[in-house]
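User: Hi! Could you walk me through this model, one question at a time?

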Amino acid sequence: MASAASYSTAVHELYVTYFGRPADSVGLGNFEAALAAANAPTDLAGLEAAYGTNAAVTSLINSFGTSAESAKLYGTPTTSTATAEAFVNAVFQNVLGRAPAVAGLTFWTNAIISGQVSLGNAALSIAAGALADPTDSVTIANKVAVAANFTSDIGATTAGI
């Protein structure tokens with residue numbers, strides 16, 4: 001079983017992907033501990049593979065899409081093409097700093113609207129796919145490094161937050 005700290009990079013990747021921001025130290029610790037308790041894989045590709053077979057992983061990934069922060073950022077993207085497209089565009093901007101190709105936007109929008117994927121699973125799959133690309137993975141690594149440094153520097157103190 002991996003230690004909670006083994007999940008740091010994956011959790012930062014998820015926060016950057018989904019929320020476009022670094023993880024807060026409390027959220028980081030809680031999510032790391034929950035992944036460790038679920039005996040989850042420690043990288044996004046592994047989490048994507050475990051999404052359909054590990055109920056705890058599924059629940060944790062889906063929690064991004066059902067959170068209050070998600071509702072505030074994205075509303076309910078599953079109800080219309082426009083809001084689903086806005087969500088997919090936001091994820092691509094968060095992860096890669098660019099809009100998706102038209103085919104990708106159409107694919108993910110339709111998958112969300114049809115209920116084929118949850119918001120959390122869509123974001124996870126987009127990020128995992130981007131990490132498999134040599135150029136995109138560098139972009140993500142740079143964003144995650146900045147996020148991790150920010151979270152570390154701010155810490156869990158009230159003054160830091």
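User: Which residues line the largest cavity?

Analyst: Happy to start there. A cavity is a set of points on a 1 Å grid over the protein atoms alone where a 1.4 Å probe fits but cannot get out, and lining residues have an atom within 4 Å of a point. By that rule the largest cavity is lined by Leu 14, Thr 17, Tyr 18, Ile 61, Phe 64, Gly 120, Ala 123 and Leu 124.

User: What kind of model is this, and how are residues numbered?

Analyst: This is a predicted model, where local features need pLDDT of at least 70, side-chain atom pairs count only at pLDDT 80 or more, and totals for chains, interfaces and linings use all residues. Side-chain values use heavy atoms, with hydrogens and water left out, and residues are numbered from 1 along each chain as its sequence is written.

User: Which helices each supply at least two residues of the lining of the largest cavity?

Analyst: Helices here are DSSP runs (H or I, at least four residues), numbered from the N terminus. The cavity they line has a volume of about 30 Å³, the space filled by probe spheres set on the grid points. The helices that each give at least two lining residues are H1, H4 and H8.

User: Which residues of H4 are buried?

Analyst: Buried means under 20% relative accessible area, exposed over 50%, and partly exposed in between, with a 1.4 Å probe and protein chains only. The cover over the buried residues of H4 includes H1, H2, H3, H5 and H8. Those buried residues are Val 57, Thr 58, Leu 60, Ile 61 and Phe 64.

User: How many residues does the largest nonpolar core have, and which helix gives the largest share?

Analyst: A nonpolar core is a set of buried Ala, Val, Leu, Ile, Met, Phe, Trp, Tyr and Cys residues joined through side-chain atoms within 4.5 Å. The largest one has 45 residues, and those with the most contacts inside it include Leu 14, Tyr 18 and Leu 35. The largest share, 8 residues, comes from H8.

User: Which residues does Leu 35 touch?

Analyst: Contact means heavy atoms within 4.5 Å. Leaving out residues up to four places away in sequence, Leu 35 touches Tyr 7, Val 11, Ala 40, Leu 47 and Leu 60.

User: Is Thr 81 buried, exposed or partly exposed?

Analyst: Thr 81 sits in helix H6, where it touches Thr 109 and Ile 113, not counting residues up to four places away in sequence. Its relative accessible area is 43%, so Thr 81 is partly exposed.

How values were computed:
1 Å grid on protein atoms, 1.4 Å probe; cavity = no way out; pocket = protein on both sides within 12 Å on 5 of 7 lines; lining within 4 Å.
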